Amino acid sequence: MSVSSEPRLPSHEGRSARSVSELATGDARVLLELLDRLQREIEVMDQLECQKQVAVIGHDLAVLAEVSAQQEESAATLRELETERQELVAGFCEPGEPELTVQQLAARLPAPVGEAVQRAASEIVVGIQRLRQHAYSNAALLVWAAELARTTAQWMLGQGQPAPAYNRLGDREQDPRLSARAWNA
């Protein structure tokens with residue numbers, strides 16, 4: 001019996017542990033399908049971020065609420081897929097070894113499979129970067145909108161009144177708009 005230096009997959013679903021080279025056939029498809037599902041869900045989340053931006057700009061609170069609910073569902077799906085990815089990749093780690101990244105796992109796989117995993121991982125990274133940019137833009141838009149709403153509310157409530165003016169002698173001049181309010185009160 002020979003001893004293999006390749007990482008072994010843990011037993012699951014009644015199968016015995018297998019080496020990385022054995023993964024290249026059956027489990028590689030599982031990994032690639034998982035990466036494909038991750039990519040598609042990231043694209044869904046990115047599209048939802050774009051819809052959120054349109055809803056905010058269009059002042060459509062009903063659409064914004066619907067998009068937010070869809071984002072919560074998508075985020076839950078992404079969490080499940082990420083947990084599945086972590087479990088699958090962890091099977092290639094030796095006891096005590098830190099978890100591999102998908103790119104590190106791709107480097108351990110035979111060439112055609114490893115290259116396909118590497119391409120899929122790269123596409124996911126690009127999708128995440130695009131999603132991050134849209135989320136950042138939306139956050140900036142929402143901060144700007146909140147600041148505008150706060151400033152408008154302060155102005156409407158009279159808390160944002162202009163500072164009093166002073167004449168050449170240093171005397172405070174009354175804003176004529178304020179004195180008119182006092183006479184009409």
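**Exercise 1. Decide whether His 59 is buried or exposed in this predicted model, and describe its backbone.**

Solution.
1. The relative accessibility of His 59 is 71%. The cut-off for an exposed residue is over 50%, so His 59 counts as exposed.
2. His 59 is placed in the loop between helix 2 and helix 3.
3. Most residues other than glycine have a negative phi. His 59 is not a glycine, yet its phi is positive, at about 55°.

**Exercise 2. Test whether the span of helix 3 agrees with its number of residues, then examine its start and its buried residues.**

Solution.
1. Helix 3 covers residues 61–90, which is 30 residues.
2. The expected span is 1.5 Å times one less than the number of residues, and for helix 3 this gives 44 Å.
3. The end C-alpha atoms of helix 3 are 42 Å apart, which agrees with the expected span.
4. At the start of helix 3, the backbone nitrogen of Ala 62 has a side-chain oxygen of Asp 60 within 3.4 Å.
5. The buried residues of helix 3 are Val 67, Gln 71, Ser 74, Leu 78, Leu 81, Arg 85, Leu 88 and Val 89.
6. An α-helix has 3.6 residues a turn, so residues three or four places apart point the same way.

**Exercise 3. Classify Asp 46 by its accessibility and list its contacts beyond four places in sequence.**

Solution.
1. Asp 46 belongs to helix 2, which comprises residues 26–57.
2. Its relative accessibility is 8%. Buried means under 20%, so Asp 46 counts as buried.
3. With neighbours within four places in sequence left aside, Asp 46 is in contact with Arg 130, Leu 131 and His 134.

**Exercise 4. Identify the residues with the most contacts inside the largest nonpolar core, and the helix that gives the most to this core.**

Solution.
1. The largest nonpolar core has 24 residues. Those with the most contacts inside it are Leu 31, Leu 35, Leu 38, Leu 100, Val 102, Leu 105 and Val 117.
2. At least two residues of this core come from each of helix 2, helix 3, helix 4 (102–108) and helix 5 (111–156).
3. Helix 2 gives the most, with seven residues.
4. Leu 31 touches Leu 88, Leu 105 and Val 117, when residues up to four places away in sequence are not counted.

**Exercise 5. State the order of the elements in the protein and its buried share.**

Solution.
1. The protein has six helices and two strands, and from the N terminus on they run α-α-α-α-α-β-β-α.
2. Of the 185 residues in the protein, 27% are buried.
3. The protein exposes about 12,700 Å², of which carbon and sulfur atoms supply 57%.

Methods:
Residues numbered from 1 in each chain as written. Predicted model: local features only at pLDDT ≥ 70, side-chain atom pairs only at ≥ 80, totals over all residues. Heavy atoms only, no water. Helix = DSSP H or I, 4+ residues; strand = E, 2+ residues; numbered from the N terminus. Buried < 20%, exposed > 50% of the residue type's maximum accessible area, 1.4 Å probe, protein only. Polar contact = N/O pair within 3.5 Å; in protein donor to acceptor, adjacent residues only side chain to side chain. Contact = heavy atoms within 4.5 Å. Core = buried A, V, L, I, M, F, W, Y, C linked by side-chain atoms within 4.5 Å. Areas by Shrake-Rupley, 256 points an atom, 1.4 Å probe, with all protein chains shown as cover.
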